[in-house]
Amino acid sequence: MHDHSDVVPEAAYGPGALPAGHRGSGYGRPLIIRPAGDIRIGPRLSGGKTIGVFVPIRTAGTEAP
């Protein structure tokens, strides 16, 4: 994901709690953080930041850790 803000969200490395009450937004990051194996946030040359997430995928016949 890319955006134009240099600010790293406080929730980026948090537990992935969903927002309190339904506000219509704020659900994307928690849904990605929960299964993420690795999250990397870095600056973009043109300003802003890039957020990369590694989500491990199970193959058929394997159990979740």
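Buried means under 20% relative accessible area, exposed means over 50%, and partly exposed lies in between (1.4 Å probe, protein chains only). With that in hand, here is a friendly walk through the structure.

This is a predicted model, in which local features need pLDDT of at least 70 and side-chain atom pairs count only at pLDDT 80 or more, while totals for chains, interfaces and linings use all residues. Residues are numbered from 1 along each chain as its sequence is written, and side-chain values use heavy atoms, leaving out hydrogens and water.

**Overall fold**

The protein has one helix and three strands, arranged along the sequence as β-α-β-β. Both kinds of element are DSSP runs numbered from the N terminus: helices are H or I with at least four residues, strands E with at least two. Of its 65 residues, 15% count as buried. Among contacts (heavy atoms within 4.5 Å) with a separation of 6 or more, 33% are between residues 24 or more positions apart. The exposed area is about 5,200 Å², with carbon and sulfur atoms supplying 60% of it; such areas come from the Shrake-Rupley method with a 1.4 Å probe, and for residues only the protein chains shown count as cover.

**The sheet**

The three strands form an open, antiparallel sheet in the order β1-β3-β2. Because β1 and β2 (38–43) stand at the edges with a single partner strand each, one side of each has no neighbour in the sheet. Strands pair if DSSP finds at least two bridges between them; β2 and β3 pair over six bridges. Ile39 has Val53 in β3 as its bridge partner.

Val53, in strand β3 (residues 49–54), is partly exposed at 34% relative accessible area. Together with Ile32 and Val55, Val53 makes a nonpolar surface patch of about 200 Å². Patches take residues with over 30% relative accessible area and no salt bridge, joining like charges within 9 Å and nonpolar side chains (Val, Leu, Ile, Met, Phe, Trp, Tyr) within 5 Å.

**Salt bridges**

A salt bridge puts a side-chain nitrogen of Lys or Arg within 4 Å of a carboxyl oxygen of Asp or Glu. The whole structure holds two:

| Pair | N to O distance |
|---|---|
| Lys49 and Asp3 | 3.0 Å |
| Arg40 and Asp38 | 2.8 Å |

The Lys49 and Asp3 pair links distant parts of the chain, 46 residues apart, with Lys49 in strand β3 and Asp3 in strand β1 (residues 2–3). Lys49 is buried, at 4% relative accessible area. In the other pair, Arg40 is exposed at 60%, whereas Asp38 is partly exposed at 30%.
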